[in-house]
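Please look over the model below before reading on. My comments follow as numbered points.

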Amino acid sequence: MSSHPLRIVVVGTAGRMGRMLVRAVMDNPETALHAAVERPASPAIGQDSGVLAGLSENGVLVCDDLEAGLHGAEAILDFTVPAATVYFAERAAALGLIHIIGTTGMNPAEEAAIAAAAQRATIIRSGNFSLGVNMLAALVERAAASLGVEWDIEIVEMHHRAKVDAPSGTALLLGEAAARGRGIDLATHSERGRDGHTGARAQGAIGFASLRGGSVVGDHTVILASGGERIELRHIAEDRGLFAAGAVKAALWARGRAPGLYSMQDVLGLRA
Ligand code: NAD
């Protein structure tokens with residue numbers, strides 16, 4: 001353990017995940033909440049971030065002044081929206097900070113901007129910060145590598161009705177794992193959102209289906225189907241708190257590490 005708790009800024013503090021991140025930082029003796037930042041005009045500005053997170057007052061008021069918040073900070077925890085995340089990554093690079101990115105739904109240009117920022121910032125980006133999903137990804141990679149191309153791979157996910165991007169970042173993370181196992185490029189082997197007369201399934205494709213409804217935190221099933229039998233590998237997230245605890249764990253792992261773009265598989269030692 002380092003001599004002082006890691007000084008963390010939570011951005012998007014008022015969000016579903018932001019509140020969980022504040023809790024996770026306050027709960028961990030190795031981390032300290034340095035600042036709580038929201039978008040300008042958020043109704044949460046000026047509120048106590050501890051109270052907002054359902055805990056007791058912590059004296060850290062939600063603000064929209066990012067630069068003041070980053071002054072003296074060591075790490076940013078960021079589960080917000082892609083455009084904001086790209087800006088935070090640029091600031092993390094300029095200041096040499098740790099940047100933990102949980103935001104999903106980035107386009108290729110935004111992903112390239114994150115990779116560029118990682119030349120000077122220590123960035124850990126993952127579509128899912130839970131141990132269970134990252135273990136599932138390792139199992140999927142192994143299954144895809146062992147089973148022949150006659151085993152079709154389909155990924156089904158379900159999330160709450162307010163989720164704005166599809167497929168989920170976790171579904172894509174699992175698709176990447178399957179593609180790695182098969183030694184193929186996911187971008188050229190995905191089949192997304194079938195509708196109408198699609199024709200038969202292409203052999204070797206990795207299919208995605210997204211369901212939305214209610215308050216589901218995150219369900220993912222990877223189906224491997226051959227003629228006559230199939231395997232289903234499934235993960236159910238019951239509580240957002242586990243993503244937040246994983247993000248805090250990632251920030252502590254990043255402490256003192258060289259700039260670069262890392263994944264939760266690196267943090268958990270699950271890289272093959
Ligand atoms: P949310 O809409 O509840 O919260 C997002 C917050 O970001 C909002 O409070 C919003 O005001 C704030 N925000 C937007 N722009 C900002 C800016 N410029 N500066 C500061 N704050 C800003 O969404 P959510 O459910 O908390 O999810 C957020 C993201 O995290 C999504 O992309 C979601 O898919 C992802 N997510 C990832 C994981 C994971 O493990 N990687 C888990 C859950 C959710």
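The points below cover a sheet first and a helix pair second.

1. Keep in mind that this is a predicted model.

2. Start with the sheet. It is open and has 5 strands, in the order S8-S9-S7-S10-S11. The pairing is mixed. As a reminder, strands of a sheet pair through backbone hydrogen bonds, either parallel or antiparallel.

3. Which strands stand at the edges? They are S8 (190-192) and S11 (229-237). Each has a single partner strand, so one side of each is left without a neighbour in the sheet. On average, neighbouring strands here are turned by 20° against each other, direction ignored.

4. Now follow S8 to its partner. S8 pairs with S9 (residues 206-212) in the parallel sense, over 3 bridges. Find Glu191 in the model: Gly207 of S9 stands opposite Glu191.

5. Turn to the helices. The axes of H1 (residues 16-27) and H8 (residues 241-254) come within 8 Å. They cross at roughly 55°. Angles from 35 to 65 degrees count as oblique, and H1 and H8 are therefore oblique to each other. The crossing of H1 past H8 is right-handed.

6. Which residues make this contact? H1 supplies Met17, Met20, Leu21, Ala24 and Val25. H8 supplies Gly241, Phe243, Ala244, Ala245, Ala247 and Val248.

7. Check the character of the H1 and H8 contact. Its residues divide into 10 nonpolar, 1 polar and no charged. Gly counts as polar here, so Gly241 of H8 is the polar one.

Conventions:
Residues numbered from 1 in each chain as written. Predicted model: local features only at pLDDT ≥ 70, side-chain atom pairs only at ≥ 80, totals over all residues. Heavy atoms only, no water. Pairing = 2+ DSSP bridges. Helix = DSSP H or I, 4+ residues; strand = E, 2+ residues; numbered from the N terminus. Axes fitted to C-alpha atoms, helices over the stretch in contact; angles between N-to-C directions. Parallel < 35°, antiparallel > 145°, perpendicular 65-115°, else oblique. Left-handed = near helix turned anticlockwise from the far one by under 90°. Contact = heavy atoms within 4.5 Å.
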